[in-house]
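The following note sets out points on the structure shown below. The points begin with helix packing and then turn to salt bridges and the overall fold.

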Amino acid sequence: FPVTIRVYIFVDEIDKMRDDGDLELNGGQVQRELLKVIEGLDPDEKDLQPMWVFGGSFSEYLKERMKDFGKKGKIGFGNSTDEKKFVFDDQELIRSGFIPEFVGRVGRIIQLNPLTKEDFKAIMKSTEGSLLYHYEKLGEMRGLNLKLSAKDIEKIVDDAFKDGIGARALKKHAEELLFERMYT
């Protein structure tokens, strides 16, 4: 009997593919090339059904929109100038620099809440292969004490949260804190 294989294809940083007028990197052209890949997969092929998932923070675009509309009025379905209530729809994606042909291939838009400081702590401590685990193991291999105290973790989380660049900042601030212990 036939078997259907569901393949998930995740494309991260989709917000970086928007056409923002930068002549060096034409986001519209990148989108058209990606459309060729999406359309190149035969939808009638019964044993392979790809599911495309696009992820992106849209943080720069959101900052622009909040600046533009913060004084003028309300935006999004929630009719709010509150960033947490801002909602992307097809028209918002097109305004942000996506070509309609590409937006037409996006079946559903799901907006996640921004990370909180508690989320940052959980990422530091509780995830598989967490930064705490990574540095402790690295320290054991090198004969160094790279364990982070509760105070260290608070500082890393606070600094990373202030950066506003997401959880990636955790590693940067952890390495800044541990630099002396790691390389002296």
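1. In this predicted model, helix 7 contributes Asp 152, Lys 155, Ile 156, Val 157, Asp 159, Ala 160 and Asp 163 to its contact with helix 8, where the partners are Ala 169, Leu 170, Lys 172, His 173, Ala 174, Leu 177 and Arg 181. Sorted by class, the residues of the contact between helix 7 and helix 8 comprise 7 nonpolar, 1 polar and 6 charged.

2. The geometry of this pair can be stated briefly. The axes of helix 7 and helix 8 lie 8 Å apart, and the two helices pack at an angle of about 135°. Helix 7 is therefore oblique to helix 8, since angles over 115 and up to 145 degrees fall outside the parallel, antiparallel and perpendicular classes. The crossing of helix 7 and helix 8 is right-handed.

3. Two residues of this contact, Asp 163 and Lys 172, also form a salt bridge through their side chains, with an N to O distance of 3.0 Å. Lys 172 is partly exposed at a relative accessible area of 38%, and Asp 163 is likewise classed as partly exposed, at 32% relative accessibility.

4. Helix 8 (residues 168–183) also packs with helix 6 (residues 131–142): their axes come within 12 Å and cross at roughly 20°. Helix 6 is therefore roughly parallel to helix 8, because an angle under 35 degrees is assigned to that class. This crossing of helix 6 and helix 8 is right-handed.

5. Which residues make the contact between helix 6 and helix 8? From helix 6 they are Leu 131, Tyr 135, Leu 138 and Arg 142, and from helix 8 they are Leu 170, Lys 171, Ala 174, Glu 175, Leu 178, Met 182 and Tyr 183. The contact of helix 6 with helix 8 holds 8 nonpolar residues, no polar ones and 3 charged ones. Leu 170 and Ala 174 of helix 8 appear in this contact and also in the contact with helix 7.

6. A salt bridge joins Lys 117 and Asp 158, whose closest N and O atoms are 3.1 Å apart. This pair links distant parts of the chain, as Lys 117 belongs to helix 5 (residues 117–125) and Asp 158 to helix 7 (residues 150–163), with the two positions 41 residues apart in numbering. Lys 117 is partly exposed, at 34% relative accessibility. Asp 158 is also partly exposed, with a relative accessible area of 23%.

7. Lys 16 and Glu 13 form a salt bridge in which the closest N and O atoms are 2.8 Å apart. Lys 16 is partly exposed at 48% relative accessibility, and Glu 13 is partly exposed with a relative accessible area of 26%. Both residues belong to a network of salt bridges that also includes Asp 15 and Arg 168. The structure holds 12 salt bridges.

8. As to the fold, the protein has 8 helices and 2 strands. Along the sequence these elements follow the pattern β-α-β-α-α-α-α-α-α-α. Of the 184 residues, 29% count as buried. Among contacts with a separation of 6 or more, 62% are accounted for by residues 24 or more positions apart.

How values were computed
Residues are numbered from 1 along each chain as its sequence is written. This is a predicted model: local features need pLDDT of at least 70, side-chain atom pairs count only at pLDDT 80 or more; totals for chains, interfaces and linings use all residues. Side-chain values use heavy atoms; hydrogens and water are left out. A salt bridge is a side-chain nitrogen of Lys or Arg within 4 Å of a carboxyl oxygen of Asp or Glu. Buried means under 20% relative accessible area, exposed over 50%, partly exposed in between (1.4 Å probe, protein chains only). Helices (H or I, at least four residues) and strands (E, at least two) are DSSP runs, numbered from the N terminus. Axes are lines fitted to C-alpha atoms, for helices over the stretch in contact, and angles run from 0 to 180 degrees between N-to-C directions. Angles under 35 degrees count as roughly parallel, over 145 as roughly antiparallel, 65 to 115 as roughly perpendicular and the rest as oblique. A crossing is left-handed if the near helix is turned anticlockwise from the far one by less than a right angle, and right-handed if clockwise. Contact means heavy atoms within 4.5 Å. Ala, Val, Leu, Ile, Met, Phe, Trp, Tyr, Cys and Pro count as nonpolar, Asp, Glu, Lys and Arg as charged, and the others, Gly among them, as polar.
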